[in-house]
Amino acid sequence: MFNIEDIRKDFPILSRQVNGKPLVYFDNAATSQTPQQVIDVIVDYYSNYNANIHRGVHTLSQEATDLYEEARQKIQKHFNAKFSHEIIFTSGTTHGINLVANGFGSFLKKGDDIIVSALEHHSNIVPWQMLCERTGATLKVIPMNEDGELIMTAYDKLLSDNTKLVFVNHISNALGTINPIEYIIEKAHGVGAAVLIDGAQSAPHLIPDVQKLDVDFYVTSAHKMCGPTGMGMLYGKEEWLKKLPPYQGGGEMIAEVTFEKTTYADLPHKFEAGTPNICGGIAFGAAIDYLNSIGFDNIAGYENELLHYATEKLLAIDGLKIYGTSNHKTSVISFNLQGIHPYDVGTILDKMGIAVRTGHHCAQPIMDFYKIPGTIRASFAFYNTKAEIDAMVEGVKKAKMMLS
Ligand SMILES: *Cc1c(COP(=O)(O)O)cnc(C)c1O
């Protein structure tokens, strides 16, 4: 069952020291740490299987191809996609979003609307602004309330026959809010719009069932799920992926090439130009295996316990304010100390070996909403402990004393 001491032994980095203190790693919403089981797969790949895929008849190439395609099937099963060719390997969430945004460039025209949310990561705002500039479509924004929740009555009013696309993150990286994506998807489909869900913050904490959600596109990054950086996936419904034009041209994505005309490869290869991150894909599969061996129910339950424990302890500090107070949130706490710049607190915590994030968390519009320059963000994973939270709380108290 869930044994935190055993789990921590899986992560070599957790036993290192920072500035002479045991590392307390609370920057999991930026990237997660990597268990030995995934590190071993990476070492094994480069020690035994390294070859280019889908091309060679030689043994190594076939073995690497098999492992890579097995990883795709693992990911398909995990997210419950209907077909493995609906899983496109990408370099991460950002790449997946850009792939879809670029493809929609050929479907949109002036007068069409794209709806995004006030809680988006920059990677989910900028590609749509670029798309609107190119096509003449209009970007509309679902507003948020003081608790950091999207206002669904305002969303209902934004929807119309002009709405072609809705893009929302499943969970906000800056505040931890879990958005009502079931409702968002159903309503968008009611006006015939497609929906892309940014799952970078949700896939590490729960298992999204893409068929049950009936979502058109779902993107995520491996590095937030105990996998390697530079790797991610785009799920797209087969009908959409067939309609979307390729994103990049190159090797691997073609069926036939002459100077007169090129025909594209079948899915998923149509969207996978060039030599992919082969090892990364295999390691992504291993990371999903690892998370499933811990169990997502265990992960969510334990992280929730950490969230409530830390929230209570932090709120006991005078002058500390938490941003993002929805009842539906994951283990992310964004906070500030009255009159003190978040950066200064982050610097003092680092001196104590405590890694938190400070700044706008790639979500400046949220900071503008609260009229603050940024926050201190502690984000917990299933390998963190209450003792680590105690250390952070002590650190915050000390920082407050030194800075006020
Ligand atoms: C991290 C993150 C992204 C960007 O992911 P990359 O791996 O940097 O491409 C996008 N959206 C959210 C909500 C994130 O947390």
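In which sense do strand 4 and strand 10 pair, and over how many bridges? The two strands pair in the antiparallel sense, over four bridges. They belong to an open sheet of seven strands with mixed pairing. The model described here is predicted. UniProt, in an unreviewed entry, places the feature "domain: Aminotransferase class V" at residues 24-391. Over residues 24-391 the chain is 39% helix and 18% strand, and the C-alpha atoms at the two ends of that stretch are 8 Å apart.

**The seven-stranded sheet**

- The strand order in this open sheet is 4-10-9-8-7-5-6.
- Strand 4 (87-90) and strand 6 (138-142) stand at the edges; each has a single partner strand, so one side of each is left without a neighbour in the sheet.
- On average, neighbouring strands of this sheet are turned by 20° against each other, direction ignored.
- Where strand 4 pairs with strand 10, Phe-89 stands opposite Met-233 of strand 10.
- Helix 4 (residues 93-104) packs on the sheet and touches strand 4, strand 7 (163-169), strand 8 (194-198), strand 9 and strand 10. The direction of helix 4 makes about 150° with that of strand 9.
- Helix 5 (residues 126-135) also packs on the sheet, where it touches strand 5 (113-117), strand 6, strand 7 and strand 8. Its direction makes about 150° with that of strand 6.

**The loop between strands 9 and 10**

- Thr-229 sits in the loop between strand 9 (217-221) and strand 10 (232-236).
- Thr-229 is exposed, because its relative accessible area is 58% and the cut-off for exposed is over 50%.
- Apart from neighbours within four places in sequence, Thr-229 is in contact with Thr-31, His-223 and Asn-277.
- Asn-169 is 60 residues from Thr-229 in sequence, and their C-alpha atoms are 20 Å apart in space.

**The four-stranded sheet**

- A sheet of four strands, also open, has the order 13-14-17-16 and antiparallel pairing.
- Its edge strands are strand 13 (320-323) and strand 16, each of which pairs on one side only.
- Neighbouring strands here are turned by 30° against each other on average, direction ignored.
- Strand 16 and strand 17 run antiparallel and are joined by three bridges. Arg-357 has Arg-377 in strand 17 as its bridge partner.
- Helix 11 (residues 296-315) lies across strand 13 and strand 14, and runs at about 10° to strand 14.

**Helix 12**

- In helix 12 (residues 342-351), the buried residues are Pro-342, Val-345, Gly-346, Ile-348 and Leu-349. These residues lie on the same side of helix 12, because they cover an arc of only 165° around the axis.
- Tyr-343 and Lys-351 are exposed on the other side of helix 12.
- The cover over the buried residues of helix 12 includes strand 14 (332-337), strand 15 (354-355), strand 16 (357-359), strand 17 (375-379) and helix 14 (386-403).
- Gly-353, which follows helix 12, has a positive phi, near 80°.

**Nonpolar cores**

- In soluble globular proteins, nonpolar side chains tend to be buried together.
- The largest nonpolar core has 100 residues, and among them Val-166 and Phe-382 touch the most other members. Helix 10 (residues 278-294) supplies the largest share of this core, 11 residues.
- A second, separate core of 25 residues includes Ile-114, Leu-196, Trp-240 and Phe-271.
- Leaving out residues up to four places away in sequence, Val-166 touches Ile-115, Tyr-155, Leu-159, Ile-184, Ala-188, Ala-193, Ala-194, Val-195 and Leu-196.

Conventions. Residues are numbered from 1 along each chain as its sequence is written. This is a predicted model: local features need pLDDT of at least 70, side-chain atom pairs count only at pLDDT 80 or more; totals for chains, interfaces and linings use all residues. Side-chain values use heavy atoms; hydrogens and water are left out. A nonpolar core is a set of buried Ala, Val, Leu, Ile, Met, Phe, Trp, Tyr and Cys residues joined through side-chain atoms within 4.5 Å. Buried means under 20% relative accessible area, exposed over 50%, partly exposed in between (1.4 Å probe, protein chains only). Contact means heavy atoms within 4.5 Å. The arc is that of the directions from the helix axis to the C-beta atoms. Two strands pair if DSSP finds at least two bridges between them. Axes are lines fitted to C-alpha atoms, for helices over the stretch in contact, and angles run from 0 to 180 degrees between N-to-C directions. UniProt positions are given in the numbering used here, feature names are shortened, and annotations may be inferred rather than shown by experiment.
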